[in-house]
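Hi everyone, thanks for coming. Please bring the sequence and the structure up on your screens, and we will walk through them together.

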Protein chains: 2
Amino acid sequence: MTELQLIDRIRRMARNPGIGDDCFIFRPRANQDLLFTTDQMIEDIHFLKAHNAQSVGERALARGLSDIAAMGGTPRLCLVSLAIPAGHEKWMEEFYRGLLRLARRTRTMLAGGDLSRSEKIYCDVMVCGSVARGKALRRDGARVGDRMYVSGRLGKSWERPIRPRLEFGRKLLGRATACMDLSDGLSLDLHRLCKESGVAAQLDQVPVATGSTVDRALQGGEDYELLFTMPPRARPPRGSYHIGSIVPGTPGTIRFENRLVVPRGYDHFRNV
Amino acid sequence: MTELQLIDRIRRMARNPGIGDDCFIFRPRANQDLLFTTDQMIEDIHFLKAHNAQSVGERALARGLSDIAAMGGTPRLCLVSLAIPAGHEKWMEEFYRGLLRLARRTRTMLAGGDLSRSEKIYCDVMVCGSVARGKALRRDGARVGDRMYVSGRLGKSWERPIRPRLEFGRKLLGRATACMDLSDGLSLDLHRLCKESGVAAQLDQVPVATGSTVDRALQGGEDYELLFTMPPRARPPRGSYHIGSIVPGTPGTIRFENRLVVPRGYDHFRNV
């Protein structure tokens, strides 16, 4: 099979005849800001060949969608770069099947990408979303006195499919003072949010997923729930879990059960 | 060194403090269409570790810029995903040095990306550009009677740096009937342009780079010059080479020296 034939197959699966020029042409609406994010998925680093190819494809897109959700955005399009070893045409088709199913459910258009050969499977998904001009949720707006919430229980296992919190994120527009998605574990991500905002956090409780532990909820990564702050009297959306509050202190420090929490989570380069 | 420290280093090199949220926020101007493209560079497929890291970085961005040039666009921002083996911090810094030098020269902002570990070096660069609404150069507008041109001599060696033809592409806006960049060899790329336009081509001559051959100019890839068509009486920009004309015939067929040219160029998946 040639590259052109493989691309034709993806084009048919995506039902997007627009793929074909050097670039994809996109016409943004007026009064919108665009959001850009990109995430890699690499064999033996982020997944194993034993994992279901459809799940890998779905997850590859879901991570970017979760970033869009964290800023209150609506996904518009994605670009998918994929490199596969010889003889992986079937794997590729399953990967795209999973990715495109989530793309359709979230109205994210597959706008193009790149296809190459490699020894290990490698993919990189760029997602572009939109949000009302100047309204994107940021990490740096948490203020002392704000209450802290998460959008769901934490410490879930890798195998479970990611449900990007897009609708939840949009409900926070104009209401949350700061927001981000939990992709590297609560302790590390909350540390980042507090550092960007120049504040400290007092953690009162952590909602733990069934079968998980507080430790895993704090230090495990890849929950893809939203972490956000709101002014003390604001009402959070249904399904929110109150976890603590923003307090004065050295920017980035977190207290839980009268101890300082060490920000620890997934870091590709620790001990390299 | 941790991931946060590595990202901080890139952030300082890019002089873009905006990198930090889940997504990069971009405000497009009204009356503009956006152009999206993405290209992978993989060790042992697109380059060797022996190649200069700065050149690899420059080339990784240049390929996307060339796609933007092919549609008459102006680059606005890029996202860079990079995966490197342990102990490659210095390589990464050189890679970014080369990439950022070209980014500055072409006013392309580094808007974010992703950093990961891997066994081999892998990178994927997404470029977003803009063009006046509805004015982007396409591949499907070549008409019988049009004259065919390229923006420079062909068959150049891999080692030479790519100069994306951004200014040249903008000069073609409203004048060229079709345009694309030559990334896989003239015979294959011209075949694609003719197929999209539903026409055939008569090739009269091929401008060959010093030290190269007609064969390499026809079948070698990665020239990154522009291939374009114009109505018979229109004047091409300075530095254009007239190579032939658009003729009636089976869409995609090319004649040169009274023979049919077999479209042949770089294909990652041929014989896989």
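Let me begin with a question: in what sense do S2(B) and strand S5 of chain B pair, and over how many bridges? S2(B) and S5(B), which covers residues 122-132, pair in the antiparallel sense over 11 bridges. Across from B:Leu35, the bridge partner in S5(B) is B:Gly129.

Before going further, some housekeeping. This is a predicted model, where local features need pLDDT of at least 70 and side-chain atom pairs count only at pLDDT 80 or more, while totals for chains, interfaces and linings use all residues. Residues are numbered from 1 along each chain as its sequence is written, and chains are lettered from A and ligands numbered from 1 in the order in which they are written.

A word on vocabulary too. Helices (H or I, at least four residues) and strands (E, at least two) are DSSP runs, numbered from the N terminus. Two strands pair if DSSP finds at least two bridges between them. In general, strands of a sheet pair through backbone hydrogen bonds, either parallel or antiparallel.

Now to the sheet that holds our opening pair. It is an open sheet of 5 strands in the order S1(A)-S2(B)-S5(B)-S3(B)-S4(B), and the pairing is mixed. At the edges sit S1 of chain A and strand S4 (109-117) of chain B, each pairing on one side only. Neighbouring strands here are turned by 20° against each other on average, direction ignored.

Did you catch the strand from the other chain? S1(A) pairs with S2(B), residues 32-42 of chain B, in the antiparallel sense over 3 bridges. Within this pair, A:Phe26 stands opposite B:Leu34.

Let's look at the other sheet. Here 5 strands form an open sheet in the order S4(A)-S3(A)-S5(A)-S2(A)-S1(B), again with mixed pairing. Its edge strands are S4 of chain A and strand S1 (24-26) of chain B, each of which pairs on one side only. The twist averages 20° from one strand to the next. S2(A) and S1(B) run antiparallel and are joined by 3 bridges, with B:Phe26 in S1(B) as the bridge partner of A:Leu34.

Helices pack on this sheet as well. H2(A) touches S2, S3 and S5 of chain A, and its direction makes about 145° with that of S2(A). Helix H3 of chain A, residues 89-105, touches S3 and S4 of chain A, at about 170° to the direction of S3(A). For these angles, axes are lines fitted to C-alpha atoms, for helices over the stretch in contact, and angles run from 0 to 180 degrees between N-to-C directions. Over in chain B, H2(B) lies across S2, strand S3 (74-84) and S5 of chain B, running at about 145° to S2(B). H3(B) lies across S3 and S4 of chain B, at about 170° to S3(B).

How do the two helices of chain A meet each other? The axes of H2(A) and H3(A) come within 7 Å and cross at roughly 45°. H2(A) and H3(A) are therefore oblique to each other; angles under 35 degrees count as roughly parallel, over 145 as roughly antiparallel, 65 to 115 as roughly perpendicular and the rest as oblique. Among the residues that meet are A:Ala53, A:Val56 and A:Leu61 in H2(A) and A:Trp91, A:Phe95 and A:Leu99 in H3(A). The residues of this contact divide into 11 nonpolar, 4 polar and 4 charged. By these classes, Ala, Val, Leu, Ile, Met, Phe, Trp, Tyr, Cys and Pro count as nonpolar, Asp, Glu, Lys and Arg as charged, and the others, Gly among them, as polar. In chain B, H2(B) and H3(B) pack at an angle of about 45°, with their axes 7 Å apart.

Finally, how many residues of each chain are in contact with the other? 60 residues of chain A are in contact with 59 residues of chain B, where contact means that C-beta atoms, placed from the backbone, lie within 7 Å. Several elements of chain A each supply at least two residues to that side, including helix H1 (3-14) and strand S7 (178-181). The largest share, 9 residues, comes from S2(A). By class, the side of chain A that touches chain B has 27 nonpolar, 14 polar and 19 charged residues.

That's my tour, so over to you for questions!

Terms used. Two residues are in contact if their C-beta atoms, placed from the backbone, lie within 7 Å.
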